[in-house]
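Visitor: Hi, I have a structure open in front of me and would like to talk it through with someone. Could you help me with it, one topic at a time?

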Amino acid sequence: MEDNDFIEQEILKRIDEIYLRNGFEDYYYARVRNEAKFVLMGCAETCESGFCVSMGTNKADNYDAYVKVDGDVVYVDVKDETLGVEGTACDVTPDYVTVNKEVVTLPKNLSNETFQKDIWKEYGDRCIACGRCNFACPTCTCFTMQDIFYRDNPRVGERMRVWASCQVDGYTQMAGGHEYRKDKGDRMRFKVMHKIYDFEKRFGYPMCVGCGRCDDICPEYISYSNCVNRLAKEEE
Ligand code: SF4
Ligand code: SF4
């Protein structure tokens, strides 16, 4: 069990905003979403790099079932009666952490001026545009389309969605070759500001859930959480 499984419900809330309530309802997402059941696993201890407490995502109660494994005993709290779990009745409530090793302070006064800060240039020198931070992020929802034609029968093929990353080359490229964010520092700025500023302006809370996966996976040791803390520090 990963110790940040507990924030999955907070993640889904954000993905729902994008695919269901961002101007249109995504038919394919809604079809799967309506059939899904959600089983929650709690966190008895904090992980190394998550900061869910700072983001207020350390606790959730909108689940169909909660499962806690304690030695040979499995405790289950079932809210959806159709799941039909059998056993001896007892009280169980989800574990959650109240302290993380990583603490993040969200900047309070982000504005369009934040987009002009020198801090972004520094990240542009370090980032290699691999996109791993996006692909690891549970709240990144961008996708692109790929058409695949089969060699043995060119009249048959597949159109599929594939994940896209705002950090990689070509993400903003348009017909004619124009690209909005060629500089990698601009891409880092776009990603960070989307997570803690743009999404919040639209939906009222940050997109980032504080899982810490982007910090763990960056091959250049670029820390998103440190970046957010630096933005907050610069406001003091
Ligand atoms: S900590 Fe990083 S990976 Fe996790 S939700 Fe926030 S931006 Fe995404
Ligand atoms: S994982 Fe690190 S190096 Fe790769 S795109 Fe993200 S910030 Fe850049």
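Visitor: Let's start with ligand 2: how do the residues of the shell around it divide?
Guide: The shell around ligand 2 in this predicted model is made up of eight nonpolar, two polar and three charged residues.

Visitor: And which residues are the closest to ligand 2?
Guide: Ligand 2 is surrounded by 13 residues, and the closest of these are Cys127, Cys130, Gly131, Cys133 and Cys218.

Visitor: What kind of space does ligand 2 take?
Guide: The space that ligand 2 takes is the second largest cavity.

Visitor: Then where does ligand 1 sit?
Guide: Ligand 1 is found in the largest cavity, and the residues around it include Cys137, Cys208, Cys211 and Cys214, together with Phe51, Pro138, Thr139, Lys195 and Tyr224. Val209, Gly210 and Gly212 are also among the residues around ligand 1.

Visitor: How does that shell divide by class?
Guide: For ligand 1 the shell comes to eight nonpolar residues, three polar ones and one charged one.

Visitor: OK, on to pockets. How much space lies in the largest pocket?
Guide: The largest pocket holds about 290 Å³ of space. It is lined by 14 residues, of which Val76, Val85, Glu86, Gly87 and Thr88 are the closest to its centre. By class, the lining of the largest pocket has eight nonpolar, three polar and three charged residues.

Visitor: What about the second largest pocket, how much space is in there?
Guide: In the second largest pocket there is about 240 Å³ of space, and among the 13 residues that line it, those closest to its centre are Tyr19, Tyr29, Phe143, Arg161 and Trp163.

Visitor: Which elements give two or more residues to that lining?
Guide: Those elements are helix 1 (8-20), helix 2 (27-35) and strand 5 (157-163). If you sort the lining of the second largest pocket by class, you find eleven nonpolar residues, one polar and one charged.

Visitor: Changing topic, I clicked on Glu113. Is it buried or exposed?
Guide: Glu113 counts as exposed because its relative accessible area is 64%, and the cut-off for exposed is over 50%. Along the chain, Glu113 belongs to the loop between strand 3 (73-78) and helix 4 (119-126).

Visitor: How many Å separate the C-alpha atoms of Glu113 and Glu45?
Guide: Their C-alpha atoms are separated by 39 Å, and the two residues are 68 residues apart along the chain.

Visitor: And Asp61, where does that lie?
Guide: You will find Asp61 in the loop between helix 3 (52-55) and strand 2 (65-70). With a relative accessibility of 54%, Asp61 also counts as exposed. Its C-alpha atom is separated by 24 Å from that of Val104, which is 43 residues apart from Asp61 along the chain.

Visitor: Zooming out, how many helices and strands does the chain have?
Guide: The chain has eight helices and five strands. Its C-alpha trace spans about 65 × 60 × 35 Å along the principal axes, and 40% of the 236 residues count as buried.

Visitor: Last one: what is the mean pLDDT of the chain?
Guide: The mean pLDDT is 92, with 97% of the residues at 70 or more. Confidence in the chain is lowest in helix 1, where the mean is 90, and highest in helix 7 (residues 213-217), where it is 98.

Conventions. Residues are numbered from 1 along each chain as its sequence is written. Chains are lettered from A and ligands numbered from 1 in the order in which they are written. This is a predicted model: local features need pLDDT of at least 70, side-chain atom pairs count only at pLDDT 80 or more; totals for chains, interfaces and linings use all residues. Side-chain values use heavy atoms; hydrogens and water are left out. A residue is near a molecule or strand if one of its heavy atoms lies within 4 Å of it. On a 1 Å grid over the protein atoms alone, a cavity is a set of points where a 1.4 Å probe fits but cannot get out, and a pocket is an open set with protein on both sides within 12 Å along at least five of seven lines; lining residues have an atom within 4 Å of a point. A molecule sits in a cavity or pocket if more than half of its atoms lie within 2 Å of its grid points. Ala, Val, Leu, Ile, Met, Phe, Trp, Tyr, Cys and Pro count as nonpolar, Asp, Glu, Lys and Arg as charged, and the others, Gly among them, as polar. Grid points are joined across faces, edges and corners, and a volume is the space filled by probe spheres set on the points. Helices (H or I, at least four residues) and strands (E, at least two) are DSSP runs, numbered from the N terminus. Buried means under 20% relative accessible area, exposed over 50%, partly exposed in between (1.4 Å probe, protein chains only). pLDDT is the predictor's confidence in each residue, from 0 to 100.
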